[in-house]
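Reader: I'm new to this one and would like to zoom in on a single part rather than tour the whole thing. Could you pick one helix and walk me through it slowly?

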Amino acid sequence: MERVVDLEEVVAAVADRRPAWQAAGLVAEPVTWRDEAEPWSQQLKTDRSRVNDPGSVGIHLRGPDEAELLVVLYRGGWADIDYIADADDAGVIPAPTVGSAQEFASLLDACITRVFGINYDAA
């Protein structure tokens with residue numbers, strides 16, 4: 001898989017946002033890593049040092065009233081985004097191709113606003 005996005009930079013952007021998420025009442029699970037070099041089916045890991053060839057990172061946020069957001073970004077630049085805002089609002093959020101950690105951070109911020117109704121400037 002082509003390396004379009006630096007997943008290390010993405011995780012740094014996620015870490016920068018954690019204090020704001022916590023202040024807003026969101027719970028962020030540890031970032032998960034998938035090792036592209038492992039045979040199928042790869043196990044997700046939270047310890048980066050156990051991953052030789054990062055293929056994707058996952059971010060899982062939980063908010064009030066059982067709202068959840070799960071984002072998986074692949075180093076090839078695409079993301080899978082699933083959410084539950086409430087009992088009547090759940091599904092998949094279409095994502096554009098992501099070319100940088102900054103683009104991913106903006107996408108993640110927009111998803112958080114969409115799912116949890118929180119609008120903030122994480123910068």
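Author: Here is a close look at helix α1, followed by the places it leads to. Keep in mind that this is a predicted model.

Let's begin with the basics. Helix α1 runs over residues 7-23, so you are looking at 17 residues. From its first C-alpha to its last it reaches 25 Å, close to the 24 Å expected at 1.5 Å a residue. At the start of α1, have a look at Asp-6: one of its side-chain oxygens comes to within 2.9 Å of the backbone nitrogen of Glu-8. At the other end, α1 is followed by Gly-25, which has a positive phi, near 90°.

Now follow the helix along to Arg-17. There you'll find a kink of about 35°, and the proline Pro-19 comes shortly after it.

Which residues of α1 are buried? They are Leu-7, Val-10, Val-11, Ala-13, Val-14, Arg-17 and Trp-21. If the spacing of that list catches your eye, here's a handy bit of background: an α-helix has 3.6 residues a turn, so residues three or four places apart point the same way. Val-10 and Val-14 are both on the buried list, and both turn up again further down as contacts of Phe-104.

What do these buried residues pack against? Their partners are the strands β1 (27-28), β2 (32-35), β3 (54-62) and β4 (68-74), plus the helix α2 (101-116).

Back to Arg-17, because at 12% relative accessibility it falls under the 20% cut-off and counts as buried. What does the side chain of Arg-17 meet there? It meets the side chain of Asp-109 in a salt bridge, at 2.8 Å from N to O. The pair ties together distant parts of the chain: Arg-17 belongs to helix α1 and Asp-109 to helix α2, 92 residues apart. Asp-109 counts as buried too, at 15% relative accessibility. In total the structure holds 8 salt bridges.

For a couple of others, hop away from α1 for a moment. Arg-34 and Glu-36 join side chains in a salt bridge of 3.0 Å, N to O. Arg-34 is buried, with a relative accessible area of 13%, whereas Glu-36 is partly exposed at 26%. Then there is Lys-45, which forms a salt bridge with Glu-38, the closest N and O atoms being 2.4 Å apart. Lys-45 counts as buried at 7% relative accessibility, while Glu-38 counts as partly exposed at 23%. Salt bridges with shared partners also join Arg-3, Asp-53 and Arg-75 into one network.

That Arg-17 link takes us over to α2, so called here because helices are numbered from the N terminus. Helix α2 has 16 residues and reaches 22 Å from its first C-alpha to its last, close to the 22 Å expected at 1.5 Å a residue. Its buried residues include Phe-104, Leu-108, Asp-109, Ile-112 and Phe-116. The buried residues of α2 pack against α1, β3, β4 and β5 (79-86). Just after α2 comes Gly-117, with a positive phi of about 75°.

Both helices feed into the largest nonpolar core. Of its 32 residues, Val-57, Leu-69, Leu-73, Phe-104, Ile-112 and Phe-116 touch the most other members. The elements giving two or more residues to this core are α1, β3, β4, β5 and α2. The largest share, 8 residues, comes from α2.

Phe-104 is a nice place to see the two helices come together. Leaving aside neighbours within four places in sequence, Phe-104 is in contact with Val-10, Val-14, Ile-59, Val-71, Leu-73 and Val-98.

Before you leave, a few backbone details away from the helices. Most residues other than glycine have a negative phi, and most peptide bonds are trans. Against that background, the peptide bond from Trp-40 to Ser-41 is cis, with omega near 0°, and Ser-41 is found in the loop between β2 and β3. In the loop between β3 and β4 you'll find Asp-65, which has a positive phi of about 55° although it is not a glycine. Glu-66, in the loop between β3 and β4, has a positive phi of about 65° and is not a glycine either. Asp-65 counts as exposed at 71% relative accessibility, and Glu-66 counts as exposed at 70%.

Definitions and conventions: Residues numbered from 1 in each chain as written. Predicted model: local features only at pLDDT ≥ 70, side-chain atom pairs only at ≥ 80, totals over all residues. Heavy atoms only, no water. Helix = DSSP H or I, 4+ residues; strand = E, 2+ residues; numbered from the N terminus. Expected span 1.5 Å × (residues − 1). Bend = angle between axes of the 7 residues up to and from the residue. Buried < 20%, exposed > 50% of the residue type's maximum accessible area, 1.4 Å probe, protein only. Contact = heavy atoms within 4.5 Å. Polar contact = N/O pair within 3.5 Å; in protein donor to acceptor, adjacent residues only side chain to side chain. Salt bridge = Lys/Arg side-chain N within 4 Å of Asp/Glu carboxyl O. Core = buried A, V, L, I, M, F, W, Y, C linked by side-chain atoms within 4.5 Å.
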